[in-house]
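Q: I'm new to this structure and would like a close look at one part of it. Please pick a spot, take me through it slowly, and then show me what sits around it.

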Amino acid sequence: MTAHILLVEDDALISGLLEFHLKSEGYGVDIAATVEDALTAVEAHPPDLILTDLGLPDEDGLALIRKVRGRSNVPIIVLSARTTTEQRLAALELGADDYLTKGVDPGELLLRIRNTLARAQSGVAGSAARGPAQSSGGDVSRFSGWTVNFAGYTAQNPKGEDVEFTRSEFLVLAALARHPGRVVSRDALLDAISGFDDAPLDRTIDTYISRLRRKIEPDPKNPTVILTMKGVGYRVVE
Ligand code: CA
């Protein structure tokens with residue numbers, strides 16, 4: 001089955017060109033020019049991947065990322081004219097999977113899309129195929145009332161409710177949860193997501209940690225579950 005991509009871009013010239021490249025690779029393409037249209041399209045015809053601009057006429061593309069993440073873990077790639085690290089981090093923090101700047105070579109864009117789709121599809125099957133994770137507790141780890149199922153890519157909060165994480169968030173969480181109580185270095189966390197974020201910045205880890213804290217901590221501003229070991233890394237409390 002061919003993957004179906006939702007292209008969110010208000011510049012008809014750019015969307016026409018992107019549509020041409022995507023279709024020539026065999027992808028199905030829907031185009032939305034506003035955040036509102038994009039959200040309608042996500043409901044009507046759930047895409048396998050969203051490729052979105054940030055400068056959109058009705059709302060900022062960051063709002064689209066936030067709203068989509070509220071309901072789905074569909075891969076999102078940003079293609080924006082904004083080039084600063086802050087803008088890139090803002091998009092990643094909200095749950096974008098990759099960030100490209102406009103003017104990117106079409107070949108590279110298509111490669112990033114292919115890789116992101118492949119990782120999304122291998123997320124569950126791939127980890128199951130690898131067999132039990134190499135943690136003390138086999139497939140499952142528990143910390144602070146949380147249960148992380150490595151093979152299933154799922155995690156339950158202390159009430160036993162499933163909590164949704166993006167793939168990159170889950171990989172960071174899994175790296176921490178494999179050895180509760182043990183400090184995991186920032187380098188090791190970067191390694192854990194390196195395949196998922198093509199040029200991982202050191203500060204990317206901070207954005208993932210803050211996203212995890214918002215989902216895990218009773219009070220994200222005063223973390224008691226994911227602790228910072230200054231200058232070393234992070235650990236989860238047993
Ligand atoms: Ca635009």
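A: Let's start with the metal site, move on to the elements around it, and finish with a sheet further along the chain.

A few ground rules first. This is a predicted model, in which local features need pLDDT of at least 70 and side-chain atom pairs count only at pLDDT 80 or more, while totals for chains, interfaces and linings use all residues. Residues are numbered from 1 along each chain as its sequence is written, and side-chain values use heavy atoms, with hydrogens and water left out.

Now the overall picture. The protein has 8 helices and 12 strands; these are DSSP runs numbered from the N terminus, with at least four residues for a helix (H or I) and at least two for a strand (E). Of its 238 residues, 47% count as buried. Buried means under 20% relative accessible area, exposed means over 50%, and partly exposed is in between, using a 1.4 Å probe and protein chains only.

Here's the site itself. A calcium ion is held by Asp10 (OD), Asp53 (OD) and Gly55 (O), at 2.1 to 2.3 Å. Donors are N, O and S atoms within 2.8 Å of the metal, or 3.2 Å for Na, K and Ca; water is not among the atoms, so sites may look incomplete. Read along the sequence, the donor residues follow the spacing D-x42-D-x1-G. Asp10 is in the loop between strand E1 (4-8) and helix H1 (12-24), and Gly55 is in the loop between strand E3 (49-52) and helix H3 (61-69), so this pair ties together parts that are 45 residues apart in sequence. Asp10 is partly exposed, at 36% relative accessible area, and Gly55 is partly exposed too, at 37%.

Thr34 belongs to another loop, the one between strand E2 (28-32) and helix H2. At 17% relative accessibility, Thr34 counts as buried. Beyond its neighbours within four places in sequence, Thr34 is in contact (heavy atoms within 4.5 Å) with Val8, Pro57 and Asp58.

E3 is worth a stop as well. Ile50 is found in this strand, and with 1% relative accessibility it is buried. Among the residues Ile50 touches, not counting those up to four places away in sequence, are Leu6, Val8, Val42, Val68 and Val74. The C-alpha atoms of Ile50 and Val74 are 7.3 Å apart, although 24 residues separate them along the chain.

Next comes H3. Of its 9 residues, 7 are buried, so H3 is largely enclosed by the rest of the structure. Those buried residues are Gly61, Leu62, Ala63, Leu64, Ile65, Val68 and Arg69. Their cover includes E1, helix H2 (35-44), E3, strand E4 (76-80) and helix H4 (85-94).

Finally, the sheet. Four strands form an open, antiparallel sheet in the order E6-E7-E8-E9; two strands pair if DSSP finds at least two bridges between them. E6 and strand E9 (162-163) are at the edges, each with a single partner strand, so one side of each has no neighbour in the sheet. Between E6 and strand E7 (residues 146-149) there are 4 bridges: Val140 has Asn149 as its bridge partner in E7, and Arg142 stands opposite Thr147. In a regular strand the side chains alternate between the two faces of the sheet. Along E6 (residues 140-143), Ser141 and Phe143 point to one face and are buried, while Val140 and Arg142 point to the other and are not.

E6 and E7 also make a hairpin with 2 residues between them. Ser144 in that loop has a positive phi of about 45° although it is not a glycine. Most residues other than glycine have a negative phi. Ser144 is partly exposed, with a relative accessible area of 25%.
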